[in-house]
Amino acid sequence: MLIFNHSSFLTFTLMGIPGLESQHLWLSLPFSSMFLAILIGNGAILFLVAIEPTLHSPMYLLLALLMVADLISTLALLPKLLCLFLFNDRDIAANACFTQMFFIHGTSVVRSALFVAMAFDRFVAVCEPLRYNTILSHSLVGRLGLLALAKGVILILPMPLLLRRLTFCQMVIPHTYCDHMAVVKMACGHTRPNRIYGLFVILLVVGLDLLLIGFSYGLILQSVVRLNSRDATCKALNTCSAHFFVILVTYVPALFSSLTHRIGHNIPPHAHVLLANLYLLLPSVLNPIIYGIKMKEIRHKVAKCLCRGSA
C-alpha cells in the first residue's frame, strides 16, 4: 500500500459520479443549466436589491446576503465539476481541495445562520410590527451578517487544518468535489477526531439552527392564531411561507446526505454523490424563484424592469 504524506504537495483525483463516468458529458448539460440559472437568478435579485431603494429593508438585505452565500458556494463547486465532466480534468492539488472544502462547507454554515436571522426578522415583523424598524436596524443586519460569516469561518476552518495532519493511503476521491467525509475516508490511521468534529458541526449547525428557527415560527404561529382578522392572518402566513419553503428545500436534502455518509451503507455511491450535489445546488436554483414568486415587491420590481426593457 502506498502511503502519501506532506499534504501540501499531494494531488487528489476526483472520480466524479461513481458508476456514471461514461455519462459525465451528458450530465454536464443539467449542471451547466443549473449554473446559468443560479448566476442569472441570484444575480438578478442582488441587482434589484442594490438599485431599488425600496428594497433596502432588513428582510431584503438578509435575502441579498443569502444570494451572495449561494453564489460563493456555486462558484466553489461548479467550475471544477464542469471541467471534470467536460474535459476529464480530474486532478486537484491538496491545498486547492482543502480550500474548496472550506468554501463549500463554510457557505453552508453561513446560509444556515442567515436562515436563523431571517426567521428572527419574520418574528419581529409579525409579532412586533410597530417596533420592526427600531429593532431591525441596518446596523443590526450588518452585525447579523458578520456573525453568520464568523460562525462559518470558526466552525469550518478546523476541518482542513485537521486533515493536513493526516497521512493518505488513497488519492482517488469518489466524489465530484472535496467533501469533508469523502476526503477523511481517503486517510489511513487515526481519523476519529475528524469524524467526531464533522458530526459535532452538523449537530450544532443543523440541530441548533433548526431549533431556533422552529422556536421563531412557533411564536409566529401562536401570534397568528390570536389574530381576529382573516386578512391579517393570511398576510402573516404569506410573509413567512417563502422562508418556510426555502428552509424545507435546504435542510431535508442536507440531513439525508449527511446521514447517508454515516449510516447509509446500502445506498449506491452514485445516488449519494448526486444527492450531495443537489443538496448544494437545488436551494441556490430555487431560492430566487421562490422569493420571486412569493414576495410581492420583488415581483413588481421584476415586472417594472421587464416593461422598461421592452419599452
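Ser108 sits in helix α3, the stretch covering residues 94-127. This is a predicted model, so take what follows as a reading of predicted coordinates. Is Ser108 buried or exposed? With a relative accessibility of 14%, Ser108 counts as buried, because the cut-off for that label is under 20%. As for what Ser108 touches, leaving aside residues up to four places away in sequence, its contacts are Tyr279 and Leu280.

Hold on to those two residues, and hop over to helix α9. That helix runs over residues 230-262, and Thr250 is part of it. Thr250 is also buried, at 7% relative accessible area. Which residues does Thr250 touch, once those up to four places away in sequence are set aside? The answer is Arg111, Phe115, Tyr279 and Pro283. Tyr279 therefore turns up twice: Thr250 touches it, and Ser108 does too, with both contacts counted at heavy atoms within 4.5 Å. Leu280, the other contact of Ser108, can be placed relative to Thr250 as well: the two are 30 residues apart in sequence, and their C-alpha atoms are 8.1 Å apart in space.

Now for the charged side chains. Side chains of opposite charge can pair when their charged atoms come close. How many salt bridges does the structure hold? There are 5, and three of them are worth a walk-through here.

Start with Lys151 and Asp209, whose side chains meet in a salt bridge at 2.7 Å from N to O. This pair links distant parts of the chain, with Lys151 in helix α5 (residues 138-156) and Asp209 in helix α8 (residues 192-226), 58 residues apart. Asp209 has a relative accessible area of just 1%, so it goes down as buried.

Next up is Asp89, which forms a salt bridge with Lys80; their closest N and O atoms are 3.5 Å apart. Here the two partners fall into separate accessibility classes. Lys80 is buried, at 16% relative accessible area, whereas Asp89 counts as partly exposed at 35%.

Finally, look at Arg131 and Glu128. Their side chains form a salt bridge with an N to O distance of 3.9 Å, and that makes the list because the limit is within 4 Å. Is either partner tucked away, or what label does each one get? Arg131 is partly exposed, with 47% relative accessible area, and Glu128 is partly exposed as well, at 33%.

Note on methods:
Residues numbered from 1 in each chain as written. Predicted model: local features only at pLDDT ≥ 70, side-chain atom pairs only at ≥ 80, totals over all residues. Heavy atoms only, no water. Buried < 20%, exposed > 50% of the residue type's maximum accessible area, 1.4 Å probe, protein only. Helix = DSSP H or I, 4+ residues; strand = E, 2+ residues; numbered from the N terminus.
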